[in-house]
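Here's a quick tour of a single model. Have a look at it first, then read on.

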Amino acid sequence: ARACLLVYMKESALETLLHEPRLPKIPREFQSPVQQQRDQQQREAPTKAVEVEAEAAAAAAASLLEEVEAQAQKEERKRKQKQKKKQKEKEKKSQAKTEAEAEEEEVAEASEDEPVSVTRP
């Protein structure tokens, strides 16, 4: 439990008061092995937390990169499909044009073979 106390003091001393008080340091020779182990774990805890955060950040970054790459591949496939579609349409148009020209030539050849009657008034 914590107690509250109203204190009037100078602003210069306020900063010192606002910092959490530290537990008194007990020399190692007086600490039990359990306390030494606990102290060591407390010192390592921030390091482990940082490592866990770094791993989580790396996993998130990898996930994001995979997502971006998947999106890029999807866009590439769409672009290629669009290109193929345009190419097919172009081939169809050129084929239709070629067929139309062939028909015109056939009509022209057929009309050359037939006599043309010209009537003048």
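## The segment before helix 1

V7 sits in the segment that comes before helix 1 (11-18). Keep in mind that we're looking at a predicted model here. With a relative accessibility of 42%, V7 counts as partly exposed, because that class runs between the under 20% of buried residues and the over 50% of exposed ones.

V7 also has company: together with L5, M9, L14 and L18 it makes a nonpolar surface patch of about 510 Å².

## The chain overall

The protein chain has 2 helices and 0 strands. As for burial, just 2% of the 121 residues in the protein chain are buried. The accessible surface of the chain comes to about 12,700 Å², and carbon and sulfur atoms account for 55% of that area.

## A salt bridge in helix 2

So how many salt bridges does the structure hold? The count is 1, and the side chains that meet in it belong to E76 and R79, at 2.4 Å from N to O. Both residues lie in helix 2, 3 residues apart, or about one turn of the helix.

Neither partner is tucked away: E76 is partly exposed, with a relative accessible area of 33%, and R79 is partly exposed too, at 42%.

## The negative patch

Further along, E99, E101, E103, E104, E105, E106 and E109 form a negative surface patch. One of its members, E105, lies in helix 2, which covers residues 33-113.

Methods. Residues numbered from 1 in each chain as written. Predicted model: local features only at pLDDT ≥ 70, side-chain atom pairs only at ≥ 80, totals over all residues. Heavy atoms only, no water. Patch = residues over 30% accessible without salt bridge, like charges linked within 9 Å, V, L, I, M, F, W, Y side chains within 5 Å. Areas by Shrake-Rupley, 256 points an atom, 1.4 Å probe, with all protein chains shown as cover. Salt bridge = Lys/Arg side-chain N within 4 Å of Asp/Glu carboxyl O. Lys, Arg positive; Asp, Glu negative; His and termini not counted. Charge placed at Lys NZ, Arg CZ, Asp CG, Glu CD. Helix = DSSP H or I, 4+ residues; strand = E, 2+ residues; numbered from the N terminus. Buried < 20%, exposed > 50% of the residue type's maximum accessible area, 1.4 Å probe, protein only.
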